[in-house]
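Reader: Hi! I'm new to looking at protein models and I'd like a close look at one part of this one. Could you take it slowly?

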Amino acid sequence: MILLRLLIALSSWLARLGSDRGQATAEYALILLGATAVAMLLVSWVTKTNRISNLLDAVFRHITGLVG
C-alpha cells in the first residue's frame, strides 16, 4: 500500500509540472515499478510458503502414479 501511495503521489506531482513532455515515459516507468513490486511480493510469498515445490511434487507423484 505504501508503494502504491508513493506511485500515485509521484504521478500527480509529475502531472502538475505543466508540461506533457516525457509524461508517457514517466507513466511507463511508474507502471514498470508497480509491476516489479507486485512480482517481488509474489515471488517472496511463493518462496516462503513452498507452494511451487508442493505443486511440482504433487504433479510428479500424479504422473508417476499413472505410469506405474
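Does Gly34 count as buried or exposed, and what is its relative accessibility?

Author: Sure, let's start right at that residue. One thing to keep in mind as we go is that this is a predicted model.

Gly34 counts as buried, because its relative accessibility is 19% and the cut-off for buried is under 20%. You'll find Gly34 in helix H2, which covers residues 23–49. Now look at Leu4: Gly34 and Leu4 are 30 residues apart along the chain, yet their C-alpha atoms are separated by 7.4 Å. Leu4 falls within helix H1, which takes in residues 2–15.

Stay in helix H2 and go back to Glu27. Glu27 is partly exposed rather than buried, because its relative accessible area is 40%, and partly exposed covers what lies between under 20% and over 50%. Glu27 pairs up with a residue of lower number too: 17 residues separate Glu27 from Leu10 along the chain, and the distance between their C-alpha atoms is 9.7 Å.

A word of caution about the H1 side of those pairs. Confidence in the chain is lowest in helix H1, with a mean of 73, and highest in H3, with a mean of 90. Where pLDDT is low, predicted coordinates shouldn't be read in detail. For the chain as a whole, the mean pLDDT is 82, and 82% of the residues reach 70 or more.

Next, follow helix H2 to where it stops. In the loop between H2 and H3 sits Asn50. Asn50 isn't a glycine, but its phi is positive anyway, at about 55°. Asn50 is partly exposed, with a relative accessible area of 43%.

Past that loop comes helix H3, residues 51–67, and Ile63 is part of it. Ile63 is partly exposed, at 46% relative accessible area. Ile63 also belongs to a nonpolar surface patch, along with Leu55, Val59, Leu66 and Val67. Together, these residues have about 520 Å² of accessible area.

Now zoom out to see where our glycine fits. The chain has three helices and zero strands, so in order from the N terminus the elements read α-α-α. Of the 68 residues in the chain, 12% are buried, and Gly34 counts as buried too. As for the outside, the chain exposes about 6100 Å², with 70% of that supplied by carbon and sulfur atoms.

Key:
Residues are numbered from 1 along each chain as its sequence is written. This is a predicted model: local features need pLDDT of at least 70, side-chain atom pairs count only at pLDDT 80 or more; totals for chains, interfaces and linings use all residues. Side-chain values use heavy atoms; hydrogens and water are left out. Patches are made of residues with over 30% relative accessible area and no salt bridge: like charges are joined within 9 Å, nonpolar side chains (Val, Leu, Ile, Met, Phe, Trp, Tyr) within 5 Å. Accessible areas come from the Shrake-Rupley method with a 1.4 Å probe; for residues, only the protein chains shown count as cover. A salt bridge is a side-chain nitrogen of Lys or Arg within 4 Å of a carboxyl oxygen of Asp or Glu. Helices (H or I, at least four residues) and strands (E, at least two) are DSSP runs, numbered from the N terminus. Buried means under 20% relative accessible area, exposed over 50%, partly exposed in between (1.4 Å probe, protein chains only). pLDDT is the predictor's confidence in each residue, from 0 to 100.
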